[in-house]
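Me: I am new to this structure and would be grateful for a close look at a single part of it. Please describe the second largest pocket and its surroundings, and then place that part within the rest of the chain.

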Amino acid sequence: MSSAKINILFTGATGYIGGSVLARLIDHPDFPTFNIIAIVRSPERAEKLQKLGVGVVVGSHSDEALVEKLARNSDVVIATANADDFEAVTATLRGLKKRFEETKVAPIFIHTSGTGVLTDDAKGLHPTDTIYDDSNPDQIEALAPTQIHRNVDLELVNADKAGYVKTYIVLPSTIYGIARNKLVNLGIANSHSIQIPSLIKASLSRGEAGMVGKGLNIWPNVNIEEVADLYIYLFNAIRAKPDAVGHGREGFYFGESGEHTLYQISKRIAEVFVALGISKSDEPTTFTKEEIDKYFEGSNYLGSNSRCRGIRSRSLGWKPSKTTQDMLDSIRPEVDAFSKE
Ligand SMILES: NC(=O)c1ccc[n+]([C@@H]2O[C@H](COP(=O)([O-])OP(=O)(O)OC[C@H]3O[C@@H](n4cnc5c(N)ncnc54)[C@H](OP(=O)(O)O)[C@@H]3O)[C@@H](O)[C@H]2O)c1
């Protein structure tokens, strides 16, 4: 694959993760050898993306025939749109299987899952000692198939086992920081993450910082730029040393570079609210059942534990340097952004 053009199918280009990763691919020294096709829903954004040298198909992942057809022409798929879109993943795999039958070369599928797959039901009332290691496939294999994201991840592992595709699953944790890249600047990609912004928005709506239970649960965190680095380290390693990079059941890559309790996040939101005159108390309070229903569709997800170490990720040469302090420092600009909406 070294000198010929590589056909890359990219999903989630307009997203927080996807925009950050695609910006890196556009700036990649080998970009002239990439033939990137992105599936984008918005025609306006598609047009802007095209001007950056990215091929675009306007459409949705819900169009399984389209996804299968595009995958059939791909050497590499990088999927960052939706960790839980089972139909999109199976359509992609069908296309990649045909690709394999035609070329006799197993294509590469880099999928985005998340450390939500490790979560428990702590409801913010206790931490956990269970820490997952991405270089320990037996431990990952013991995860229940009912865990979030797991049905899709298992489909990928099974496809890899069948031999027609090599699958790699990136599992970011709580990604933080406002994304700043070419795609965001051009109004193509989303700049905000999910977890911390959802806590901030709920807290703004109720007028004081909230948490699930006592916020004693623990999650890992990772900066958005360093997540983008992880994808590129993985992509480069697969191209340079395909046999040395774990795939299938050995192809899980956690994105983490620090840990926090959810209390720490809510406490920082409370402190920022006091500094901005939004509330008087610098202590977060527990969301009521009604608030959990209203803001989080009844889910206690933000009260769960998810602990892990990205050993396999670091074995690629990935060296995230940001810390939990950096994550806490990212909260003020997020509150500034959402309190102006
Ligand atoms: N952010 C985190 O902290 C984090 C951590 C771990 C895992 N994840 C997972 O990673 C995935 C992406 O997260 P994100 O933060 O990047 O979310 P995001 O900013 O909302 O991006 C989602 C992207 O997927 C696209 N998309 C969704 N459904 C589509 C469809 N049917 N057809 C075409 N495009 C579609 C969106 O396109 P539009 O612009 O058209 O909506 C957007 O480009 C999610 O599954 C999330 O759960 C996120």
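Reply: The second largest pocket has a volume of about 330 Å³. It is lined by 16 residues, and those closest to its centre are Gly12, Thr14, Arg41, His61 and Ala81. This description rests on a predicted model. Sorted by class, the lining of the second largest pocket holds nine polar, four nonpolar and three charged residues.

His61 is a suitable residue from which to explore this part. His61 lies in the loop between β3 (55-58) and α3 (64-72). Is His61 buried or exposed? Its relative accessible area is 17%, and because buried means under 20%, His61 counts as buried. Setting aside neighbours within four places in sequence, His61 is in contact with Thr11, Gly12, Ile39, Val67, Ala81, Asp85 and Ala88. Two of these contacts, Gly12 and Ala81, are also among the residues closest to the centre of the second largest pocket. A further relation across the chain links His61 with Glu87: the two are 26 residues apart along the chain, and their C-alpha atoms are separated by 8.3 Å.

His61 also belongs to the surroundings of an enclosed space. The structure holds one cavity of 30 Å³ or more, and the largest cavity has a volume of about 140 Å³. Of the 18 residues that line the largest cavity, Thr11, His61, Ala79, Ala88 and Val89 are the closest to its centre. Four elements each give two or more residues to that lining, namely β1 (6-11), β4 (76-79), α4 (86-103) and β5. By class, the lining of the largest cavity comprises ten nonpolar residues, seven polar residues and one charged residue. His61 thus appears both in the list for the second largest pocket and in the list for the largest cavity. Thr11 and Ala88, which are contacts of His61, are likewise listed as closest to the centre of the cavity.

An annotation helps to place this region. According to the unreviewed UniProt entry, the annotation "domain: NmrA-like" covers residues 7-85. Over residues 7-85 the chain is 35% helix and 25% strand, and the C-alpha atoms at the two ends are 22 Å apart.

The largest pocket may now be set beside the second. The largest pocket has a volume of about 860 Å³. Its lining consists of 33 residues, of which Asp84, His149, Ile194, Gln195 and Tyr301 lie nearest its centre. At least two residues of this lining come from each of α1 (16-26), β8 (174-176), α8 (195-206) and α11 (289-296). The element that gives the most is α1, with three residues. The lining of the largest pocket divides into 18 polar, 13 nonpolar and two charged residues.

Helix α1 also contains Ser20. Ser20 counts as buried, because its relative accessibility is 2%. Not counting residues up to four places away in sequence, Ser20 touches Gly15, Ala179, Asn181, Ile224 and Ala228.

Strand β5, one of the elements that line the largest cavity, leads further into the chain. Strand β5 (residues 108-112) pairs with β7 in the parallel sense over five bridges. In this pairing, Ile108 has Lys166 in β7 as its bridge partner. Strand β7 (residues 166-172) is mostly covered, with six of its seven residues buried. Strand β7 is also joined by four bridges to strand β11 (residues 252-255), and these two run parallel. There, Val170 stands opposite Tyr253 in β11.

Loops on either side of β5 complete the picture. Lys104 is placed in the loop between α4 and β5, and Lys123 is in the loop between β5 and β6 (132-133). Most residues other than glycine have a negative phi. Lys104, however, has a positive phi of about 65° although it is not a glycine, and the phi of Lys123 is also positive, near 55°. How exposed is Lys104? Lys104 counts as exposed, because its relative accessibility is 63%. Lys123, at 34% relative accessibility, counts as partly exposed.

Definitions and conventions: Residues numbered from 1 in each chain as written. Predicted model: local features only at pLDDT ≥ 70, side-chain atom pairs only at ≥ 80, totals over all residues. Heavy atoms only, no water. UniProt positions renumbered as here; feature names shortened; annotations may be inferred. 1 Å grid on protein atoms, 1.4 Å probe; cavity = no way out; pocket = protein on both sides within 12 Å on 5 of 7 lines; lining within 4 Å. Points joined across faces, edges and corners; volume = space filled by probe spheres on them. Nonpolar A, V, L, I, M, F, W, Y, C, P; charged D, E, K, R; others polar. Buried < 20%, exposed > 50% of the residue type's maximum accessible area, 1.4 Å probe, protein only. Contact = heavy atoms within 4.5 Å. Pairing = 2+ DSSP bridges.
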